[in-house]
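User: I'd like a close look at one part of this model: the first helix, what it packs against, and the pockets it helps to line. Could you walk me through that in one go?

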Amino acid sequence: MTKKSVYRPEYKILTKLVRKMREEAKLDQADLAVLLVRPQSYFSDVERGQRRLDLLQLRDICMHCGVDLVEFVRRFEEAVAEANSKLS
């Protein structure tokens with residue numbers, strides 16, 4: 001049986017990229033929470049890998065950070081490929 005996605009190494013990469021994107025947009029967790037009508041603790045949980053994101057939630061976060069979802073996925077795939085090459 002495969003691991004739940006939040007326990008996979010790729011998910012750690014995803015959460016790091018979400019945080020980096022938010023920081024590059026000059027937003028703190030509270031700012032993003034206001035924009036998306038969520039509590040700040042929601043984003044803390046997301047960035048710590050304690051809460052799973054679905055595609056629509058990720059899209060909303062990207063939009064508020066000024067990053068195209070396709071661009072975010074490209075960054076994610078590059079980071080995963082780089083991490084995998086270090087393991088080889």
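Analyst: Sure. Keep in mind that this is a predicted model.

Let's start with the helix itself. H1 runs over 9–24. Its 16 residues should span 22 Å at 1.5 Å a residue, and the end C-alpha atoms sit 23 Å apart, so the expected and modelled spans agree. Just past the end of H1, Lys26 has a positive phi of about 60 degrees.

Now for the packing. The buried residues of H1 are Tyr11, Ile13, Leu14, Thr15, Leu17, Val18, Met21 and Arg22. Their partners are spread over several helices: they pack against H2 (29–36), H3 (40–47), H4 and H5.

Val18 makes a handy example, as it sits in H1. With a relative accessible area of 3%, Val18 counts as buried because that value is under 20%. Setting aside neighbours within four places in sequence, Val18 touches Leu53, Leu58, Ile61 and Phe72. Of these, Leu58 turns up again below, in the lining of the largest pocket. Val18 can also be placed relative to Phe76: the two are 58 residues apart along the chain, yet their C-alpha atoms are separated by 9.6 Å.

On to the largest pocket, which holds about 300 Å³ of space. Three helices give two or more residues to its lining: H1, H4 (55–65) and H5 (69–87). The biggest share, four residues, comes from H5. There are 14 lining residues in total, and those nearest the centre of the pocket are Glu10, Tyr11, Leu14, Leu58 and Phe76. Tyr11 and Leu14 are also on the list of buried H1 residues. By class, the lining of this pocket has eight nonpolar residues, five charged and one polar.

H1 has a hand in the second largest pocket as well, where H1 and H5 each supply at least two lining residues. About 220 Å³ of space lies in this second pocket. Its lining is made up of Pro9, Lys12, Ile13, Lys16, Arg75, Ala79, Glu82, Ala83 and Lys86. Ile13 is another residue that is buried in H1. H5 again gives the most, this time with five residues. As for chemistry, this lining has five charged residues, four nonpolar and no polar ones.

Putting that together, H1 packs its buried residues against H2, H3, H4 and H5, lines the largest pocket along with H4 and H5, and contributes with H5 to the second largest.

How values were computed:
Residues are numbered from 1 along each chain as its sequence is written. This is a predicted model: local features need pLDDT of at least 70, side-chain atom pairs count only at pLDDT 80 or more; totals for chains, interfaces and linings use all residues. Side-chain values use heavy atoms; hydrogens and water are left out. On a 1 Å grid over the protein atoms alone, a cavity is a set of points where a 1.4 Å probe fits but cannot get out, and a pocket is an open set with protein on both sides within 12 Å along at least five of seven lines; lining residues have an atom within 4 Å of a point. Grid points are joined across faces, edges and corners, and a volume is the space filled by probe spheres set on the points. Ala, Val, Leu, Ile, Met, Phe, Trp, Tyr, Cys and Pro count as nonpolar, Asp, Glu, Lys and Arg as charged, and the others, Gly among them, as polar. Buried means under 20% relative accessible area, exposed over 50%, partly exposed in between (1.4 Å probe, protein chains only). Contact means heavy atoms within 4.5 Å. The expected span of a helix is 1.5 Å times one less than its number of residues.
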